Amino acid sequence: MAETPPASLALGKLRIPHRVFYHAGPVNSLEQAAQERGQRIQQVVRSILFRLSEDEYVMVLMAGPSQVSWKALRKYLGQSRVSMASEEEVLAVTGYRIGAVGPFGLPRKLRVLIDSSVLAEEEVSIGSGIRGTTVILKSVDLQRGLKDAEVVSLSDSQNSA
């Protein structure tokens with residue numbers, strides 16, 4: 001029997017309906033992940049960790065292939081300098097390896113920004129904490145589970161930068 005991922009355990013405690021999907025083998029692309037899950041690529045949510053200062057981070061949830069507009073992110077955060085967290089920082093802050101990062105089951109409270117494109121989808125899939133495994137849930141339940149998350153428009157396609 002497959003291990004229950006940390007995100008599923010956290011969602012269970014919050015009584016958020018979801019289902020766990022286990023990929024048969026390694027996932028090498030967004031397109032492959034979406035196809036195997038029976039989703040469109042816009043439904044695959046990427047959790048991206050940004051470093052704001054020495055020990056301050058923010059997680060941005062982006063739909064599919066959308067890219068974060070650095071200009072929009074800096075403006076929203078009111079910071080002139082923002083960088084992507086290193087692989088080591090991602091593991092230290094989230095407890096998850098890149099490719100398995102999601103906003104649930106984190107070892108410490110983290111500010112989360114949800115790009116509005118994520119909520120345009122009725123159902124989404126997010127990192128579960130274990131590579132090759134994802135959690136699928138309704139976007140309204142994602143938002144309900146992340147009650148302190150801020151919904152913003154950060155994608156390059158939504159901002160002329």
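What is the volume of the second largest pocket? About 350 Å³. The exercises below work through this and other features.

This is a predicted model: local features need pLDDT of at least 70, side-chain atom pairs count only at pLDDT 80 or more, and totals for chains, interfaces and linings use all residues. Residues are numbered from 1 along each chain as its sequence is written, and side-chain values use heavy atoms, with hydrogens and water left out.

**Exercise 1. Describe the lining of the second largest pocket.**

Solution.
- Start with the term. A pocket is found on a 1 Å grid over the protein atoms alone: an open set of points where a 1.4 Å probe fits, with protein on both sides within 12 Å along at least five of seven lines. Lining residues have an atom within 4 Å of a point.
- Next, the volume. Grid points are joined across faces, edges and corners, and the volume is the space filled by probe spheres set on the points. For the second largest pocket this gives about 350 Å³.
- Then the residues. Of the 16 that line the second largest pocket, Pro103, Lys109, Leu110, Gly145 and Leu146 are the closest to its centre.
- Last, the classes. Ala, Val, Leu, Ile, Met, Phe, Trp, Tyr, Cys and Pro count as nonpolar, Asp, Glu, Lys and Arg as charged, and the others, Gly among them, as polar. The lining has nine nonpolar, two polar and five charged residues.

**Exercise 2. Do the same for the largest pocket, and find which elements supply its lining.**

Solution.
- The volume is about 660 Å³.
- Of its 29 lining residues, Arg46, Ile98, Gly99, Ala100 and Val101 are the closest to the centre.
- Elements are DSSP runs, numbered from the N terminus: helices (H or I) have at least four residues, strands (E) at least two. Helix H2 (30-37), strand E2 (45-53), strand E6 (123-127) and strand E7 (133-138) each supply at least two lining residues.
- E2 gives the largest share, five residues.
- By class, the lining holds 15 nonpolar, 11 polar and three charged residues.

**Exercise 3. Lay out the five-stranded sheet and place its helices.**

Solution.
- Two strands pair if DSSP finds at least two bridges between them.
- The order is E4-E2-E3-E5-E8, in an open sheet with mixed pairing.
- Strand E4 (83-84) and strand E8 (150-152) are at the edges with a single partner strand each, so one side of each has no neighbour in the sheet.
- E2 and E4 pair antiparallel over two bridges. Arg51 stands opposite Ser83 in E4.
- Contact means heavy atoms within 4.5 Å. Axes are lines fitted to C-alpha atoms, for helices over the stretch in contact, and angles run from 0 to 180 degrees between N-to-C directions.
- H3 lies across E2, strand E3 (56-63), E4, strand E5 (111-115) and E8, at about 135° to E5.
- Helix H4 (residues 87-94) touches E2, E3 and E4, and its direction makes about 100° with that of E2.

**Exercise 4. Lay out the three-stranded sheet.**

Solution.
- The order is E1-E7-E6, open, with antiparallel pairing.
- Strand E1 (19-22) and E6 stand at the edges, each with a single partner strand, so one side of each lacks a neighbour in the sheet.
- Direction ignored, neighbouring strands are turned by 35° against each other on average.
- Five bridges join E6 to E7. Ile126 has Val135 in E7 as its bridge partner.
- E1 and E7 pair over four bridges. Val20 also stands opposite Val135.
- E6 and E7 form a hairpin with five residues between them, and Gly129 in the turn has a positive phi of about 100°.
- Five of the six residues of E7 are buried (under 20% relative accessible area, 1.4 Å probe, protein chains only).
- Helix H1 (residues 6-13) lies across E1, E6 and E7, at about 30° to E7.

**Exercise 5. Are Arg15 and Lys71 buried or exposed, and where do they sit?**

Solution.
- Exposed means over 50% relative accessible area, and partly exposed lies between buried and exposed.
- Arg15 is exposed at 72%. Its place is the loop between H1 and E1.
- Most residues other than glycine have a negative phi. Arg15 has a positive phi of about 60°.
- Lys71 is exposed at 52%. Lys71 sits in helix H3 (residues 70-77).
- The C-alpha atoms of Lys71 and Val82 are 9.8 Å apart, with the two residues 11 apart along the chain.
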